[in-house]
Amino acid sequence: MSRGVTFHLLCALSLILAVVVGLWVGSFEGEFHHWSFCPGGERFTLRSKWGQVVMFGPPIHAEDEG
């Protein structure tokens with residue numbers, strides 16, 4: 001790799017790291033909904049609260065036995 005490509009790659013990685021750390025630090029202030037999408041009519045949401053990041057989705061129903 002040339003020095004120019006390496007420099008641009010390191011810049012992109014540092015930007016991504018800064019965004020992730022900023023979102024993580026911000027999650028200590030309260031619950032935050034980062035991202036949500038609905039494949040097939042079922043909503044999935046990425047949330048964070050107190051430094052924990054969790055993907056919420058629809059409940060999974062167990063099949064009836066018997």
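Two strands count as paired if DSSP finds at least two bridges between them. That term is needed for the facing residues T45 and F56, since T45 stands opposite F56 in β3. The model described here is predicted. Its chain has 1 helix and 3 strands, arranged along the sequence as α-β-β-β.

**Overall make-up**

- The chain holds 66 residues, and buried residues make up 5% of them.
- A search for aromatic pairs across the whole structure returns 0.

**The β2 and β3 hairpin**

- Strand β2 covers residues 44-49 and strand β3 covers residues 52-56.
- These two strands run antiparallel to each other and are joined by 5 bridges.
- The hairpin leaves 2 residues between its strands, and W50 has a positive phi near 50° there.
- T45 faces F56 of β3.
- R47 faces V54 of β3.
- In a regular strand, side chains alternate between the two faces of the sheet.

**R47 and the ring of F56**

- Besides standing opposite V54, R47 lies over the face of F56.
- The distance from R47 to the ring centre of F56 is 4.4 Å.
- F56 thus appears in two contexts: it is the residue opposite T45, and its ring lies under R47.

**The nonpolar surface patch**

- L17, V21, W24, V25, F28 and W50 make a nonpolar patch on the surface, with an area of about 620 Å².
- One of the patch residues, F28, sits in the loop that links α1 (3-26) to β1 (32-37).
- F28 is classed as partly exposed because its relative accessible area is 31%, and the partly exposed class runs between the 20% limit for buried and the 50% limit for exposed.
- W50, which also belongs to the patch, is the residue with positive phi in the hairpin of β2 and β3.

**The segment after β3**

- P59 is located in the segment that follows β3.
- P59 counts as exposed because its relative accessibility is 65%, and exposed means over 50%.
- In sequence, P59 and E42 are 17 residues apart.
- In space, the C-alpha atoms of P59 and E42 are 9.7 Å apart.

Note on methods
Residues numbered from 1 in each chain as written. Predicted model: local features only at pLDDT ≥ 70, side-chain atom pairs only at ≥ 80, totals over all residues. Heavy atoms only, no water. Patch = residues over 30% accessible without salt bridge, like charges linked within 9 Å, V, L, I, M, F, W, Y side chains within 5 Å. Areas by Shrake-Rupley, 256 points an atom, 1.4 Å probe, with all protein chains shown as cover. Salt bridge = Lys/Arg side-chain N within 4 Å of Asp/Glu carboxyl O. Helix = DSSP H or I, 4+ residues; strand = E, 2+ residues; numbered from the N terminus. Buried < 20%, exposed > 50% of the residue type's maximum accessible area, 1.4 Å probe, protein only. Phe/Tyr/Trp six-rings, centres within 6.5 Å; stacked < 30°, edge-to-face > 60°. Lys NZ or Arg CZ within 6 Å of the ring centre and 35° of its normal.
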